[in-house]
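Welcome, and please open your viewer. We will go through this protein one selection at a time, beginning with a turn and ending with the cores.

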Amino acid sequence: MPLLYQNAFGQIKLGVGSNTNDQAQKDDKIALSYANPQEYEIAEIKVTGLETIDKNALISLSGLKVGDKLRIPSQTTSNAIKKLWDRGIIGNVALYISKVEGDKAYLVLELTERPRLTRIFLKGVNKTQESDIKENLDLIKGKIVSDAVLKNAELTVMDYFVDKGFLNTQVRIEQKKDSIITNGVLLNIHVDKKSKVRIDRIAFHGNKDFTDDKLRSKFKKTNEKLRFDVFHDGMRVVKNATVKSTWNFLTRTKEVSFEDIKNYFGESTNVNFFKSSKFKKDEFKADKNKLVTYYNSKGYRDARIISDSIYDAAANEINIDIKIEEGNKYYFGDIKWSGNFVRNDDILNKVLGIKKGDVYDMELVQKKLTFNPNGEDISSLYMDYGYLFFTVNPVEVRINNDSIDVEMRVYEGDQARINKIIITGNDRTNDHVIRREIRTLPGQFFNRSLLIRTQRELSQLGYFDPEQIGINPIPNPSDGTVDIEYALVERPSDQVELSGGWGGYYGFVGTVGLVFNNFSLRNITNFKAWKPLPVGDGQRLSLRVQANGRIYQNYSMTFTEPWLGGKKPNSLTVGANRSVIRNQNFYTQQEFGSMVMNTVSAGLGKRLRWPDDYFTMSNTLSYTHYIFDDFVSSGNSQIGFNTGTARNLKYNLTIARNSVDNPMFPRTGSSLSLSVDLTPPYSLFRDESYYDDASAEKLYGWVEYHKWMFDAKYYQKLFGNLVFSARAHLGFIGTYSDYAPTGPFDRFQMGGSGLSGANNWIVGYDLIALRGYEDNRITPPGYGRLLPPEFGLNGGVAYNKFIFELRYPVTMAASSTIYVLGFAEAGNNFHTLSDFDPFDNFRSIGFGARIFMPAFGLLGIDWGYGFDSIPGTNKPSGGQFHFSIGQQLR
């Protein structure tokens with residue numbers, strides 16, 4: 001009986017055999033010529049080889065139906081097989097005639113069903129790599145496993161390791177039938193990373209005006225392996241060589257330590273080390289672009305990399321040869337403006353800051369035209385005054401020898417007014433909280449600087465992820481208006497504090513604190529607005545409890561309304577605090593004596609418009625009442641009485657300026673603050689004899705002092721995300737007359753993390769951190785030892801502190817901000833104003849890390865090394881670990 005066969009490529013074959021032996025028929029196929037096809041009516045379509053796919057669905061996909069008349073072979077049969085093949089679920093397709101009765105043909109579709117993925121196993125990788133690779137692989141359970149899928153998986157795994165410097169990675173994928181699931185297959189992906197490939201040499205060819213070393217320095221990520229120069233008695237004896245090659249040259253040995261090299265040449269040897277690098281393709285490509293950009297910035301407008309070659313140097317090492325065509329060096333010729341009517345040429349040239357004869361640098365031109373991070377640019381001259389549609393296009397109009405004339409073609413357009421403000425993404429924060437911070441209002445002309453300022457103000461709120469604040473101008477050219485969309489991403493802003501610490505005499509002290517940074521007082525009775533508490537109005541409520549049973553208890557509450565009345569940024573802050581401390585016999589646990597301290601405060605703050613609107617001013621009035629009842633402690637031994645009362649009524653004035661761009665990780669900007677605490681000048685109304693042999697209760701019944709604090713912080717991004725920070729802090733405390741003594745209250749303690757101090761609860765010390773030294777050890781006169789009253793009151797009356805830091809972010813995600821830092825700082829705490837010397841400091845260096853999690857606030861750990869010895873000791877402070885909680889002011 002005739003037999004027809006057609007595979008996936010449309011090849012049809014005809015065989016003769018007994019219809020009682022189908023296998024024999026298939027084994028005896030012969031080609032059927034397309035030149036003489038026969039017409040048949042399909043009597044039956046049989047499907048074989050399926051495991052999980054429905055046969056009727058396959059027949060339907062092929063387009064063939066019982067009763068159809070068609071020529072065999074023909075384009076119709078080829079299309080039927082192609083349709084099945086294109087679905088990607090079939091491995092092989094064969095169409096043949098099993099029987100012919102007259103003009104009726106019985107067709108058989110013989111299929112091989114592709115397996116489906118059930119599981120993936122990665123061999124030869126760690127857990128982190130496995131997680132990253134599976135995330136990159138486009139392989140899900142149930143996916144059809146084809147040759148293309150396997151090849152893509154292999155390339156994905158290889159690319160992952162090649163990007164990390166494993167250029168010789170080998171990947172092998174093994175398919176294994178899954179015995180549990182029909183037609184299922186599991187994949188074993190075997191990875192052999194080999195060793196990382198390092199760069200031995202980078203050589204440049206064709207460079208005439210720049211040395212190889214200069215060009216290598218422009219490669220930020222792609223560098224040669226570790227090399228050094230060795231100097232002896234001021235003379236270089238080994239230049240730019242590896243440890244191994246140098247030692248082989250000197251001693252013919254194979255292994256060497258750096259110390260051995262120094263010992264070989266003597267004590268006067270100095271070793272300078274350079275950067276090392278592993279090869280990564282993406283970083284190499286980026287570095288090549290940076291190299292061309294560097295050439296362009298130096299006037300080499302036509303500079304280009306002609307070719308680069310990478311070849312093996314040794315085992316797991318490569319060399320890179322880069323061929324450069326520098327071209328000629330160009331300079332600016334005449335710079336002319338056209339199309340400008342609002343701004344004249346003189347103003348534009350002044351802002352551009354480029355003169356005839358300057359080195360040709362088109363990247364600098366673009367920066368000065370569009371966005372100059374270090375000053376004014378041309379776009380700001382227009383876009384800050386409504387010219388949203390402004391464009392400027394620099395065009396080279398003439399090249400004369402080494403000079404290039406440039407024409408700045410300006411299109412000013414019409415001024416655009418703001419039509420409406422669109423706010424999206426604020427799921428928790430009410431619109432009015434956001435709108436009151438927005439500097440761009442409907443009806444105003446478009447202003448780019450105000451958009452940037454608004455972005456900063458929204459970031460400062462702390463309710464939104466500062467890295468994801470999007471500002472999208474939506475122009476409406478038809479009516480000359482623009483809509484401004486502020487796309488926000490909410491992040492948790494409330495904080496929970498659960499901590500414990502050793503409180504010296506008071507033992508273990510537990511702390512529970514809640515801070516609601518986006519509170520809504522007006523919705524406190526509207527339980528439908530609780531999420532889980534009433535939120536969205538931008539108010540701040542802080543509740544905090546510290547306790548150690550009955551020995552020590554502290555309760556505090558603070559509430560802030562940042563927009564009192566809702567129309568102007570005038571803030572109201574009220575607070576209350578109560579501390580109770582009881583004496584207890586260490587052995588009998590019997591209580592005797594107590595001290596109660598109650599404080600209430602109220603403050604008003606406002607934003608100023610002069611000297612600029614980054615300034616704020618706050619005024620706070622507070623009253624503290626101390627009640628001592630047969631209370632004995634090391635702290636009130638400084639006060640001088642055990643039973644009695646003391647009162648502190650003070651006014652605080654703070655003037656501050658804050659222009660930092662991000663409160664959690666500032667990159668640019670500065671913060672300045674001048675604060676003064678003033679009590680009434682009681683001594684000015686008393687005779688000098690009042691203080692002769694006066695009792696302590698008489699002296700400190702009403703506390704008198706004036707206290708001045710200055711804080712300055714500066715942030716500057718160096719390159720990338722590396723940030724330099726410089727800070728300075730100074731303070732002093734005094735009285736209004738020479739004969740009134742400076743009391744024990746509100747003095748300074750310095751040292752350590754600045755988190756806790758002995759008896760700080762009693763006399764209210766200001767705690768100043770200084771890493772590299774023990775907590776509060778830099779506190780005169782005892783420096784850690786509480787001396788009798790005849791030596792003077794404990795604590796300093798003047799201090800200074802200076803800090804330099806380098807900071808680098810690890811992650812700036814909404815869920816957490818993590819950065820590492822290195823620091824150098826110095827400070828001192830002085831017992832009298834006459835002792836004050838800003839150059840007499842305790843010095844330290846070290847490193848640390850900070851993590852900010854919205855639920856817990858800012859947490860920090862530092863290691864510092866103190867270079868100086870504390871008075872009373874004879875050795876440097878040495879290394880110290882410090883832990884910190886919250887944003888430290890000083």
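In the hairpin of β9 and β10, which residue takes a positive phi near 60°? Select the six residues between the two strands: the one to click on is N183. As you look around, keep in mind that this is a predicted model.

**Stop 1: the sheet around β10**

Stay with the hairpin and colour its strands. β9 and β10 (residues 184-192) run antiparallel and are joined by eight bridges. To check the register, pick Q175, whose bridge partner in β10 is L187.

Now add β8 to the selection. The sheet is open and has three strands, ordered β8-β10-β9, with mixed pairing. β8 (116-123) and β9 (170-177) are the edges, each having a single partner strand, so one side of each lacks a neighbour in the sheet. From one strand to its neighbour the turn is 20° on average, if direction is ignored.

The parallel part of the sheet is between β8 and β10, which pair over seven bridges. A good residue to centre on is I189 in β10: L122 has I189 as a bridge partner, and I173 is bridged to I189 too.

Next, show the surface around β10. Seven of the nine residues of β10 are buried, so the strand is mostly covered. Then bring in helix α5 (residues 147-162), which lies across β9 and β10 and runs at about 145° to β9.

**Stop 2: another open sheet**

Select β11, β16 and β15, in that order. They make an open sheet of three strands, again with mixed pairing. β11 (198-205) and β15 (304-314) are the edge strands, each pairing on one side only. The average twist between one strand and the next is 20°.

Zoom in on β15 and β16 (residues 317-325), which are antiparallel and share nine bridges. R304 is a useful marker here, as its bridge partner in β16 is E325. Helix α9 (residues 281-297) packs on this sheet and touches β11, β15 and β16, and its direction makes about 140° with that of β15.

**Stop 3: two helices that meet**

Hide the strands and select helix α2 (residues 55-62) together with helix α3 (residues 75-86). Their axes are 8 Å apart and the packing angle is about 125°. Why is the pair called oblique? An angle between 115 and 145 degrees falls in that class, which makes α2 oblique to α3.

Show the side chains at the contact. From α2 come L58, L61 and S62, which meet A80, K83 and L84 of α3. By type, the residues of this contact are four nonpolar, one polar and one charged.

**Stop 4: an enclosed strand**

Jump along the chain to strand β33 (residues 722-734). Is β33 largely enclosed or largely open? Ten of its 13 residues are buried, so β33 is largely enclosed by the rest of the structure.

Now find the strands that β33 pairs with. Strand β32 (residues 706-719) pairs with β33 in the antiparallel sense over 13 bridges. H706, for example, has G734 in β33 as its bridge partner. These strands form a hairpin with two residues between them, and G720 in the turn has a positive phi of about 60°.

Strand β36 (residues 798-812) is also antiparallel to β33, and ten bridges join them. Click on F724 to find its bridge partner in β36, L806.

**Stop 5: the cores**

Switch to side chains once more. Which residues have the most contacts inside the largest nonpolar core? They are M595, Y626 and I778, in a core of 33 residues. Colour β28 (591-607), β29 (615-629), α15 (696-700) and β34 (748-750), each of which supplies at least two residues of this core. α15 gives the largest share, three residues. There is also a second, separate core of 24 residues, with I72, I89, A105 and L111 among them.

**Last stop: the whole view**

Zoom out and show everything. The protein contains 16 helices and 40 strands. Of its 890 residues, 45% count as buried. Taking contacts between residues at least 6 apart in sequence, 60% join residues at least 24 apart.

Notes
Residues numbered from 1 in each chain as written. Predicted model: local features only at pLDDT ≥ 70, side-chain atom pairs only at ≥ 80, totals over all residues. Heavy atoms only, no water. Core = buried A, V, L, I, M, F, W, Y, C linked by side-chain atoms within 4.5 Å. Buried < 20%, exposed > 50% of the residue type's maximum accessible area, 1.4 Å probe, protein only. Helix = DSSP H or I, 4+ residues; strand = E, 2+ residues; numbered from the N terminus. Axes fitted to C-alpha atoms, helices over the stretch in contact; angles between N-to-C directions. Parallel < 35°, antiparallel > 145°, perpendicular 65-115°, else oblique. Contact = heavy atoms within 4.5 Å. Nonpolar A, V, L, I, M, F, W, Y, C, P; charged D, E, K, R; others polar. Pairing = 2+ DSSP bridges.
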